[in-house]
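Open the model in your viewer and keep the selection panel at hand. The stops below say what to select and what is there.

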Amino acid sequence: VRRVTVSDVLKMKAEGRRIPMVTVYDYPSALIAERAGVPVVLVGDSLGMVVHGHNTTLPIRADDMIFHAQMVMRGSQNALVVVDLPFLSYATEQDAVTTARRIMQEGGGQAVKLEGGAEIAPIVRRLTEMGVPVMGHLGLTPQSQHQLGLRVQAKEVRSARKLLADARALEEAGAFGVVLELVPAELAELVSSELTIPTIGIGAGVGCDGQVQVWHDLLGIFDGKSPRHAHRFAEIGPQMEEAVRHYAEQVKEGSFPTAAQSSKMNPEVLAELKK
Ligand code: KIV
Ligand code: NA
């Protein structure tokens, strides 16, 4: 078996096969995504929130992304591993090349994802010319959340036109796909039909060529409310809590461990010891 490539992903769109993508952040999540047959995984800088406990993705640095990419690579065999370039790590072409080099050489990922449209097209072009597969990210781009807020984007004619132009600019610059986050479903569908490269939606309707979800959201790991664009395909968090509670209770009452988790000493050795 070989790893999924960018050409495989482009072929999936050409053949009308939808592309499932999920974020993974470490060895166990990468193993599970692999076994579940997910072709493209994302080491997202959303790890700032769901793994590191920050409020935003902004504190995450290239070192953090590399650290997590390394864990993911130990569990991932066949999936195409895309790694987010963190906030302000691709402000110039030189920065982008340096960060992408580290992500691929030290982290081991096969592709990078950058937030932004036409304004970063020269950076996307430079990276792809150098052999770095690039995925774009438009709509709600969380690294700019202090400018945008965390709401649905491109709802007006002007902003919708701009998003369409940005998507075209990314494709033109060599991107192999583009995430559309929190944009109206009709716009996402229009962008998807206009582009040759696949669109990967999150909160962007079913008309995208693929979908991406955050690991912890789709598994229902945190309690409380999930974002509207997320669906809890399981309730793993409460199950984890139950298991740990049972464990703690059984330790307190002395019913764990049992003989099954223990080993016995040879009676003669014991007799000798007790003399
Ligand atoms: O960091 C992330 O998880 C992402 C996806 C939501 C697209 O960028
Ligand atoms: Na991200």
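**From the barrel outward**

Select Lys113 first; Met135 in β5 stands opposite Lys113. The model is a predicted one. The pair belongs to strand β4 (residues 111-113) and strand β5 (residues 134-139), which are joined in the parallel sense over two bridges.

Now show every strand. There are eight strands, which close into a barrel in the order β1-β2-β3-β4-β5-β6-β7-β8, with parallel pairing. On average, neighbouring strands of the sheet are turned by 25° against each other, direction ignored.

**Strand β3**

Select residues 80-84, which make up strand β3. How many of the five residues of β3 are buried? Five of the five are, so the strand is largely enclosed by the rest of the structure. Colour the two faces separately: Leu80, Val82 and Asp84 lie on one side, Val81 and Val83 on the other, and all are buried.

Next, look at the partners of β3. With β2 the pairing is parallel and runs over four bridges, and Val43 stands opposite Val83. Three bridges join β3 to β4, again in parallel. Here Val83 stands opposite Val112 in β4.

**Helix α2**

Move to residues 27-35, helix α2, where the buried residues are Ser29, Ala30 and Ala33. Viewed down the axis of α2, these buried residues fall within an arc of 100°, so they line one face of the helix. Pro28 and Arg35, on the other side of α2, are exposed. To see what the buried residues of α2 pack against, add β1 (19-23), β2 (40-43), α4 (62-75) and α10 (215-219). After the helix comes Gly37, with a positive phi near 80°.

**Helix α6 and its neighbour α8**

Select residues 121-129 for helix α6; Ala121, Ile123, Val124 and Leu127 are its buried residues. They fall within an arc of 160° when seen down the axis of α6, so they line one face of the helix. Their cover includes α5 (93-107), β5 and α8 (157-173). Gly131 follows α6, and its phi is also worth a check in the viewer: the value is positive, near 95°.

Keep α6 on screen and add α8. Two packed helices are described by the angle between their axes and the distance between the axes. For α6 and α8 the angle is about 25° and the axes are 8 Å apart. Angles under 35 degrees count as roughly parallel, so α6 is roughly parallel to α8. The crossing of α6 past α8 is right-handed. Which residues of α6 meet α8? Select Ala121, Val124, Arg125 and Thr128 in α6, and then Ala169, Leu170 and Ala173 in α8, which they meet.

**Helix α9**

The last selection is residues 185-194, helix α9, with buried residues Leu187, Ala188, Val191 and Ser192. These cover an arc of only 140° around the axis, which puts them on the same side of α9. An α-helix has 3.6 residues a turn, so residues three or four places apart point the same way. Rotate to the other side of α9 to find Glu186, Ser193 and Glu194, which are exposed. Finally, show α8, β6 (177-181) and β7 (199-202): the buried residues of α9 pack against these elements.

Key: Residues numbered from 1 in each chain as written. Chains lettered and ligands numbered in written order. Predicted model: local features only at pLDDT ≥ 70, side-chain atom pairs only at ≥ 80, totals over all residues. Pairing = 2+ DSSP bridges. Axes fitted to C-alpha atoms, helices over the stretch in contact; angles between N-to-C directions. Buried ≥ 20, exposed ≤ 12 C-beta atoms within 10 Å, placed from the backbone. Arc of directions from axis to C-beta. Contact = placed C-beta atoms within 7 Å. Parallel < 35°, antiparallel > 145°, perpendicular 65-115°, else oblique. Left-handed = near helix turned anticlockwise from the far one by under 90°.
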